[in-house]
Amino acid sequence: MDRLGSFQKSNERIHLVTETAQEIIEDYKTILKKSVAYAIRSVVLLPLVIGCKLTLASANALRFADRLEGCESEPKLESEPEAVEECKEQEELIIPAPVLYEAFRILLSRGRDSREWIVALGSQKIDGKTVLTRVYDLECAISHSTSAEPDYSSLAEALRFYEKCGYEIAGLAHIHPWHSRTVSPSSVDIETHRRWEELYRRRLIGIVFNNSDVFRIFHGSKSVFKPVVVGKDVRKIRRNLYELERKNVL
């Protein structure tokens, strides 16, 4: 029995060491990928700093950098950015197709200049349901190829407008200004959205578009809302990933 117990303890130690080694290897892989992604961005963004526009090759390089960091990859269902813990009792947030098209029209007009941009999405109660009904084009204090930040005086103006009209801000949408058959929020997007959610008592969703009519709905943490897309000309690709089927919205 002593030999059996000793053998079992030895196996447990070997198993523990193996798991630890695998975790260390995965950590090193992650660090290496992020380092390569950082180097790619540094090389690509340098011409932008001196006034050059984002070329197709540059956009592809940035997209590859995002894939290295796991931001623009084809996510597995169980590890998608929006696959976060949800509230047990969720409230449906109705998202009509015309609101999505209007948000995309505004964002695309900015994204064609190779810049990220942000719009606010207003909701109101209709027959007891919370429905997105308005898109507010914010001014952005920061807007370039890889990030955007709203001008907070513009956001305050949007808040005052919504309060006067009986609306509330229920979503923020932004665009990644390049073409791809999928799109996901970056780790920075998710962390930023998590802070906004805390400010709005988790009554807020995020939507990220790209220039290829594809968009993804996401959360940063526990969400009060369960998004429900309604209307024509919006195709569901997979969970929370959609495509606007009607082209040439501008």
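**View 1. Strands S8, S11 and S10 in a predicted model, with their antiparallel pairings.** S8 and S11 pair in the antiparallel sense over 3 bridges, and S10 and S11 also pair in the antiparallel sense, over 4 bridges; two strands are taken to pair if DSSP finds at least two bridges between them. Strands (E, at least two residues) and helices (H or I, at least four) are DSSP runs, numbered from the N terminus. The bridge partner of Phe 215 in S11 is Tyr 242, while Arg 238 stands opposite Leu 241 in S11. S10 and S11 form a hairpin with 2 residues between them, and Asn 240 in this turn has a positive phi of about 70°. This is a predicted model, in which local features need pLDDT of at least 70 and side-chain atom pairs count only at pLDDT 80 or more, whereas totals for chains, interfaces and linings use all residues. Residues are numbered from 1 along each chain as its sequence is written, and side-chain values use heavy atoms, with hydrogens and water left out.

**View 2. Side chains along S11, and Arg 216 in S8.** In a regular strand the side chains alternate between the two faces of the sheet. From S11, Leu 241 and Glu 243 point one way and Tyr 242 and Leu 244 the other way, and all are buried, where buried means under 20% relative accessible area, exposed over 50%, and partly exposed in between (1.4 Å probe, protein chains only). Arg 216 lies in strand S8 and counts as buried because its relative accessibility is 0%. The C-alpha atoms of Arg 216 and Leu 241 are separated by 4.5 Å, although these residues are 25 residues apart along the chain.

**View 3. An aromatic cluster of Phe 104, Phe 209, Phe 215 and Tyr 242.** Ring pairs link these four residues, Phe 104, Phe 209, Phe 215 and Tyr 242, into a cluster. Rings of Phe, Tyr and Trp (its six-membered ring) pair if their centres lie within 6.5 Å, and planes under 30 degrees apart count as stacked, over 60 as edge-to-face and the rest as tilted; by this rule the count comes to 5 aromatic pairs. The rings of Phe 209 and Phe 215 have centres 5.2 Å apart and planes at 40°, so this pair is tilted. Phe 209 is buried, with a relative accessible area of 0%, and Phe 215 likewise counts as buried at 0% relative accessibility.

**View 4. Two arginines placed over aromatic rings.** A charge sits over a ring if NZ of Lys or CZ of Arg is within 6 Å of the ring centre and within 35 degrees of the ring normal. The charged end of Arg 110 sits over the ring of Trp 117, 4.1 Å from its centre, and the charged end of Arg 246 sits over the ring of Tyr 101, 4.0 Å from its centre.

**View 5. The open sheet of 9 strands and the helices packed on it.** The strand order is S9-S1-S3-S2-S6-S7-S8-S11-S10, with mixed pairing. Strand S9 (225–230) and strand S10 (234–238) stand at the edges, each with a single partner strand, so one side of each is left without a neighbour in the sheet. The twist averages 30° from one strand to the next, with axes taken as lines fitted to C-alpha atoms (for helices over the stretch in contact) and angles running from 0 to 180 degrees between N-to-C directions. Strand S1 (residues 91–96) pairs with S9 in the parallel sense over 6 bridges, and Leu 93 stands opposite Pro 227 in S9. Helix H3 (residues 97–111) packs on the sheet, where the strands it touches include S1, S3 and S9, and its direction makes about 20° with that of S3; contact means heavy atoms within 4.5 Å. Helix H4 (residues 152–165) also packs on the sheet, touching S2, S3 and S6, and its direction makes about 140° with that of S3.

**View 6. Loop residues Asp 127 and Arg 202, each with a positive phi.** Asp 127, in the loop between S2 and S3, has a positive phi of about 55° although it is not a glycine, and counts as exposed at 81% relative accessibility. Arg 202, in the loop between helix H5 (187–199) and S7, has a phi near 65°, a positive value in a residue other than glycine, and is partly exposed, with a relative accessible area of 34%.
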